[in-house]
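Q: Please give me a close look at one part of this model: a contact between two chains, and the elements that build it. Then place that part among its surroundings.

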Amino acid sequence: MAVDTAFNMAPVATPFFFYMLSGIMLIGGILVITRKNPVHSALALITVLLAQAAIYLMLYAPFVAGVQIILYAGGIMVLFLFVIMLVNIDRAAKERTFNSQWLVGIVAATALGGLFVAVYTKGNNIFPEHALSVIENDNTQKVATMLYGQYMFAFEIASLLLLVAIIGAVVMAKKRI
Amino acid sequence: MIAKFKSTYGSGIEPLTYAGQNYMVVDRSLIPEILQILRNEEQFDYCVDITAAHYPKREKQFDVIWVLYSFSRNERIRVKTQILDGESVPSSVPIWAAANWLEREVFDMFGIKFDGHPDMKRILLPEGWKGYPLRKDYGILQQDNEWVQINLGIESGQ
Amino acid sequence: MIDSNSSLSHLDLETPEKPFLDANELVINMGPQHPATHGVLRVILRLDGEKVLGLECVIGYLHRGVEKIGEHRTYTMFNPYVDRMDYVAAVSNGLGYCETVEKLLHVEAPPRAQYVRVILTELNRLASHQLWLGTHALDIGAITPLFYTFRDREEILKIYEKYCGARLTTHAFRIGGLQYETYNGFEREVKNFLSFFRPKIDEYEELLTTNRIWVERTKNVGIISAKDCIALGVTGPVLRASGVKWDLRKAQPYANYKNFDFDIPTCQNGDTYDRYLVRMAEMRQSVRIIEQAVEGLPEGPVMAKVPKVMKPPAGEIYHSIEAPKGELGYFIVSDGSTQPYRVRVRPPSFVNLQALDLMCRGQLVADVIAVIGTLDIVLGEVDR
Amino acid sequence: MGHDLMGQLVQYIQSYLSSDQTPGAAGNMFWVLVYILAVFVGLSIAVIAMNWLERKILAHMQVRLGPMRVGPHGLLQPIADAIKLLLKEDIIPAEADVAIFWVAPFMVVLAAFTVFIVVPFGPTHAVTDMNIGILFMLGVSSLSVLGIVMAGWASNSHYPLIGALRSSAQMVSYEVAMGLAVVSAIVMTSLNASGTGTLSMIGIVQAQQEQGVWFIFKFFPLGLIAFFIFAVAMVAETNRAPFDLAEAESELTAGFHTEYSGFRWSLFFLAEYSAMIAVSSIAVTLWLGGWLRPFPNLLSGSTWDLIFSLFPGVTFLFLAAMCFFNAVRMPKHPFFRIQTIGLAGFGVVLGLIGLVMLVPAVRIRVQDIFWFAAKVATFMYLYIWYRGTFPRYRFDQLMQMGWKVLLPMGLGVLILTATAGLWPSIQHSIWHP
C-alpha cells in the first residue's frame with residue numbers, strides 16, 4: 001500500500017533550494033514594504049507566504065505547508081486584497097509610503113538583527129547537531145495527537161479566542177442595520 | 001361635472017365634445033386650479049399623456065393638452081390650454097408623478113417650459129441640441145449641423 | 001441627477017441615499033451597449049457596493065422622429081411607420097392607429113375585419129409576451145427558455161408571413177379594415193397553433209414557476225404598489241400585478257372585445273414574480289380569446305367604405321388600446337387635409353420606464369436587470 | 001560503454017512497470033515526467049472535448065443543433081475556436097496594470113493544472129501520492145482565486161472589478177463549507193483497525209475499498225449529505241451556473257475577464273474547465289470510490305472482473321459504431337462527402353482505440369482510468385445540465401446559502417459523522433463503564 005511505504009525519495013540539492021526560497025522570501029519581503037501600490041505589496045506578501053510553505057515542505061512538514069497555503073495564501077490574503085480593492089487606490093498611491101515612524105522601525109530592526117547575530121554566535125549548542133529523522137507520512141497524525149493531546153488546553157483557548165473574534169465581527173457589522 | 005366647472009369659472013372654460021370624447025379648453029391662468037381639482041375632487045388620478053400642438057398662424061401659438069383618466073369613473077377627459085410662444089405652464093409633476101418625463105418630452109419637442117418641474121431638460125434629443133423638432137417651422141430634414149459636426153465628427157447625419 | 005419629484009409624500013425620490021460609512025459611491029454606466037438593457041437604454045447607476053442608491057435613464061438613442069414624420073405623410077402612408085415603434089408588437093401598434101383614424105373618419109371596420117384584427121392582435125400579444133419571457137429569463141440567467149419561446153414564436157410569425165408577407169413589422173391592418181381576405185386554411189392553422197401552444201405554456205411554467213432560484217430571484221424584487229403605479233401612469237401587466245384590475249379591453253372595449261369572454265388576471269404583491277405570473281396568465285387568456293374569435297369568425301367583407309383620398313374632418317381624437325406593454329394611445333389632430341396636423345403617440349414603454357428608478361432603489365445590481373426585464377420595454381417605442 | 005548506459009536507462013525505465021506504486025512514490029523520474037505529460041495532454045483533450053460536448057448538449061437541450069459546420073457534427077469546432085483565439089489581437093487596456101494583467105491568467109492556469117499531480121486515476125496512475133493529497137488539492141485550487149482577483153483588479157475597469165470582488169467573496173465563502181464536507185469524508189477513512197485516517201487521495205480510495213462501501217452511502221444519509229454539500233460548493237467554487245455571478249453576462253458583461261481577449265482569455269477558459277474537472281475528481285475520489293468499478297463486492301469474482309474490464313473497450317467500440325451509423329445516415333450529396341469521410345475516419349480512430357483497450361494487458365491497466373473518467377464525466381454532464389436549467393442566483397442569496405445553509409449543515413454532518421464513527425466505543429463505554 002502506498003500509504004505505508006516509506007518515502008524514500010532522497011532530497012535533492014537541499015541547500016540550493018533553501019537559499020533560493022530564502023532569497024525569494026527576502027526579496028518579497030522588501031517589496032512588501034517598498035511598493036507604493038498596496039495591491040503589489042499584497043501580491044509580494046503572497047509570494048513570501050508561498051515560499052515559506054515550500055520551506056515547510058523541505059522541513060518534512062507537509063501538513064503545515066498545506067495549511068499555510070490554504071489559510072494564508074488562499075484565504076487571508078484574498079480578504080486583504082478584497083479590502084484593498086474597495087478603498088481608493090489612486091489616493092493611497094499618492095501618499096508617502098514611509099511615515100515618521102521609520103526611527104522606531106530602524107531600532108526594532110537593529111534589535112532583531114542583533115538577536116539573530118547573538119543566537120548565531122553564542123547559541124549554537126541549543127540546536128541539535130543533526131536534524132531529527134522525521135517520517136513524513138506520520139506528520140499529520142503527529143500534529144493531531146499533539147494538538148488534541150498535549151496542547152489540548154491551549155488549542156481550546158485559541159479556538160475560544162477565535163470564536164470571540166467572530167462574534168465581535170458579527171456584532172460590529174450588524175450595527176449598521 | 002363640466003356644468004359645475006362652467007358655473008364656477010364662467011368664461012375661462014369652454015367644454016367641448018368631438019366624436020363622443022369630452023374635452024375642455026381652459027384659460028392658461030386657470031390651469032393649476034383646474035388640474036388640482038380634477039385630480040383631488042373629480043378623481044382623475046391617472047395622467048395618461050401630456051402633449052402639445054403648434055399653430056404658428058395663431059397668436060397663441062401652442063396648445064398644451066392633458067389627457068386624464070379616472071379609474072373610479074372609467075372616464076377620460078382632455079384639458080387643453082392655449083399659450084403664447086415663450087410662455088410657460090405650471091408643472092403638474094406635484095399632481096401626477098407621471099408628468100415628469102411627459103413634460104420633459106414636450107419641452108424637448110416644442111420648447112414649452114414647465115414651471116416647478118424638478119429636472120427640466122431634454123429627454124430624447126441630446127443636451128445642447130438647438131431647435132425644437134415638432135414646431136411647424138422646423139423642417140423635416142432639418143438638423144443641428146453644428147451639434148452633429150462637433151459631437152459625432154461627421155459632416156451631416158443625413 | 002435623478003428624475004424625481006419631492007412633493008408626492010409617498011414617492012420620496014428626492015432625498016438622495018447616502019452610501020454606508022461615507023464610502024465612495026460607485027457610478028456605473030450600464031448601456032447603451034449592454035446585454036441586459038434590451039436595446040440602447042443607458043442607465044447610470046449610483047452604487048454603494050452592489051446596492052443601488054439611485055439611477056438615471058438616458059434615452060433617445062433610437063429617436064427617429066416618428067411624430068414629425070406623421071405630420072408629413074398622409075394618413076395611409078403613415079400606417080407602416082407605427083409598426084416600427086414597438087416592433088415586437090407591431091400589430092397592436094397598427095390596430096391602435098387604424099382605429100384612431102377610423103374614429104376621425106367616422107367609419108367602422110366590418111365585423112369580419114374586427115374579428116381577424118382581434119386574432120392577429122392577440123397572437124401578437126402572445127409573441128410579445130414570449131419574447132419578453134425569453135429575454136427576461138435570459139437576464140436572470142436561465143438561458144433555455146429563450147430558445148423554447150423563440151421556437152414557439154416562430155409559429156406565430158409563420159401565420160403572419162402567410163397572411164401578409166411580413167413577419168415582424170407586418171403592416172397587417174388598413175384604415176377601415178383589412179387589405180386582404182384571410183388565406184385558405186387560416187382558421188385551421190390558427191386552431192392548430194392554439195392546440196400546439198397550450199401545452200407549451202405549461203412547459204415554460206414547468207421550467208420557471210416553481211423553480212426555487214427563479215422564485216428567489218423574482219419574489220420581492222422591484223416592488224411597486226398600486227398607488228405608485230397609478231401616480232406614475234404605469235399600465236399594462238405591471239399595473240395588474242400590483243392589484244389593479246384594469247384592462248382597456250374590458251374598461252373601454254374596442255375592436256369587438258366586448259363580445260369575448262375572458263378574465264383579467266391580477267396579482268397583489270406587485271413584484272417581479274407577480275408580473276411574471278400575470279403575463280403567463282395573460283397568455284392563457286389570449287389563447288381563450290383567439291379560440292372564441294376563430295370559432296365565431298363571421299363571413300362578410302373585410303373593408304369598410306373608405307375614400308381613396310382620406311380627408312377626415314377637422315377635429316381631434318385620443319384613442320387608446322391595450323397593447324402588450326400597457327396603454328398605447330394615439331392623439332391625432334386633423335385639420336381637414338390629407339395629412340394629420342399632429343400625431344402624438346402615448347407609448348406605454350416610455351411611461352412605464354419612469355418607474356424604474358422607484359423600483360430599483362435599495363435593490364442590488366442584479367435586481368436592476370430583473371426589473372428592466374420585467375418592465376418589458378421596447379426601446380423603439382420609448383424613443384420613437 | 002554506451003550500450004551499458006542504454007541498458008541501464010532501459011532498465012531504469014522498465015523498473016517501474018511492475019511496481020504497485022505511483023511513479024512519484026517509486027522515485028522514478030522518467031515515469032513521473034511521462035505521467036505529467038500524459039495528464040497535461042489528457043487534460044487538454046478533455047477540455048477540448050468538454051467544450052464541444054457542452055455546446056452540443058446544451059444545444060440539444062435548447063432545441064437547436066449547436067455547431068454543425070466545422071467538421072462532421074462540428075467535431076472540429078473547438079480546434080477552429082482555438083485557432084481563432086490564438087490569432088486574435090491581444091488587447092491590453094491602456095490604463096491596466098500590465099504586469100499583473102500578464103501574470104493573472106497564468107496564475108489561474110497554474111493553479112488549475114498543478115492540482116492534477118495528486119489526482120489518482122488508478123492505484124498506480126497518479127503522478128505522485130502525497131500524504132497530504134486532499135489538502136494539497138484544496139490549497140492549490142484556492143490559489144486560483146488570487147489569479148481571478150488579480151485579473152479583475154489589473155483590468156482597471158468597473159465590471160471586472162465587481163466580478164473579481166464577487167468571485168473572491170464567493171470562493172472564500174464556499175471553501176469553508178467545502179472543507180467541512182471534505183473533513184467528514186476524511187473522518188470516515190479512519191474507521192479501520194488502526195484507527196488512523198489519511199489525507200492521501202489514493203489512501204482515501206483504498207479506505208473505501210477496504211470498508212467495502214463508497215463514502216456516499218456510508219452512515220446513510222450522512223455521507224450523502226456531505227456529498228451534496230460538496231456538490232453544491234464545487235459548482236460555486238468553479239463559478240459555474242447557477243453560481244456564475246462572477247461572469248454574469250447580463251449583469252457584468254463577462255465579469256473578471258471582460259478586458260481579456262485572445263490567448264489570455266483562452267487561458268481563463270482552459271483554467272475554468274480544468275478546475276471543473278479537478279473538483280469533480282475530488283468528489284469522485286472522496287465519495288464515489290475513485291477508480292473502483294461499480295459493485296466490487298456484490299458482483300465479485302473473476303467472471304465479473306472480466307466483464308467489467310471489457311467496459312472501456314466496448315464503450316469506445318460503441319462510440320465508433322455511432323460514428324459509422326451517422327456517417328451512413330449523412331445525406332448522399334457531394335457537399336457532405338468530406339464530412340462523411342471525416343466522421344468515418346473518426347469512427348475508425350475510436351474503434352482502433354477500443355480494440356487496443358480490449359487487449360488483456362492494456363485492459364487491466366486502463367480500466368481504473370476508465371471508471372474514474374466515467375464518474376468525472378457524469379459530473380461534467382451535470383454541470384452542463386445545471387447551466388441549461390437554472391437561472392442565476394443573486395449575490396446575497398448566494399452568500400446566504402453558503403453561510404446560513406451549507407456551513408451549519410456541514411458542521412452538523414461532521415459532528416454526526418464523528419459520533420457515528422465513534423459509536424461502537426461510545427456504546428462500549430456506556431454499557432461497560
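A: **The contact between chains B and C**

Of the 4 pairs of chains that touch, chains B and C share the most contacts. The model is predicted. On one side of this contact stand 36 residues of chain C, and on the other 31 residues of chain B. Six elements of chain C each give two or more residues to the side that touches chain B. The helices are α1 (66-71), α8 (226-231) and α12 (348-353) of chain C. The strands are β6 (315-323), β7 (326-334) and β8 (340-346) of chain C. By class, this side of chain C has 14 nonpolar, 12 polar and 10 charged residues.

**The sheet at this contact**

The three strands named above form an open sheet in chain C. Its order is β6-β7-β8, and the pairing is antiparallel. β6 and β8 of chain C are the edge strands; each has a single partner, so one side of each lacks a neighbour in the sheet. From one strand to the next, the twist averages 15°.

Take the pairs in turn. β6(C) and β7(C) are joined by 9 bridges and run antiparallel. Within that pair, Ser320(C) faces Gly329(C) of β7(C). A helix also packs on this sheet: α3 (residues 90-105) of chain C touches β6 and β7 of chain C. The direction of that helix makes about 150° with that of β6(C).

On the other side of β7(C), the pairing with β8(C) is also antiparallel, over 6 bridges. There, Phe331(C) has Arg344(C) in β8(C) as its bridge partner. The hairpin of β7(C) and β8(C) has 5 residues between the strands. Gly336(C), in this hairpin, takes a positive phi near 90°.

How many of the 7 residues of β8(C) are buried? The count is 6, so β8(C) is largely enclosed by the rest of the structure. Keep the two statements on this strand apart. β8(C) is an edge strand within its sheet, yet most of its residues count as buried. The burial count takes in any C-beta atoms within 10 Å, with 20 or more needed.

**A second sheet in chain C**

Chain C holds another open sheet of 3 strands. Its order is β1-β2-β3, again with antiparallel pairing. β1 (26-30) and β3 (51-58) of chain C are at the edges with a single partner strand each, so one side of each has no neighbour in the sheet. On average, neighbouring strands here are turned by 20° against each other, direction ignored. β1(C) is joined to β2 (residues 42-48) of chain C by 5 bridges, in the antiparallel sense. Leu26(C) is opposite Leu47(C) of β2(C). Helix α14 (residues 365-375) of chain C packs on this sheet and touches β2 and β3 of chain C. Its direction makes about 150° with that of β2(C).

**The side of chain C that touches chain D**

Chain C also touches chain D, with 25 residues of chain C against 22 residues of chain D. Two elements from the second sheet region return here: β1 and α14 of chain C each supply at least two residues. So do α4 (111-140), α5 (144-164) and α7 (212-218) of chain C. This side of chain C divides into 17 nonpolar, 3 polar and 5 charged residues.

In chain D, helix α3 (residues 29-61) has 33 residues. Its expected span, at 1.5 Å a residue, is 48 Å, and its end C-alpha atoms are 46 Å apart, which agrees. Buried residues in α3(D) include Trp31(D), Tyr35(D) and Trp52(D). Val63(D), just after α3(D), takes a positive phi of about 45°.

**Pairs that do not touch**

Chains B and D make no contact; 23 Å separates their nearest C-alpha atoms. Chains A and B do not touch either, with nearest C-alpha atoms 30 Å apart. Chain A has 7 helices and 0 strands. Of its 177 residues, 17% count as buried. It is divided into domain 1 (14-96) and domain 2 (135-177). The contact between these domains takes 4 residues from each of them. On the side of domain 1 that touches domain 2, there are 4 nonpolar residues, no polar and no charged ones.

Note on methods: Residues numbered from 1 in each chain as written. Chains lettered and ligands numbered in written order. Predicted model: local features only at pLDDT ≥ 70, side-chain atom pairs only at ≥ 80, totals over all residues. Helix = DSSP H or I, 4+ residues; strand = E, 2+ residues; numbered from the N terminus. Buried ≥ 20, exposed ≤ 12 C-beta atoms within 10 Å, placed from the backbone. Contact = placed C-beta atoms within 7 Å. Nonpolar A, V, L, I, M, F, W, Y, C, P; charged D, E, K, R; others polar. Pairing = 2+ DSSP bridges. Axes fitted to C-alpha atoms, helices over the stretch in contact; angles between N-to-C directions. Domains from an automatic or database assignment. Expected span 1.5 Å × (residues − 1).
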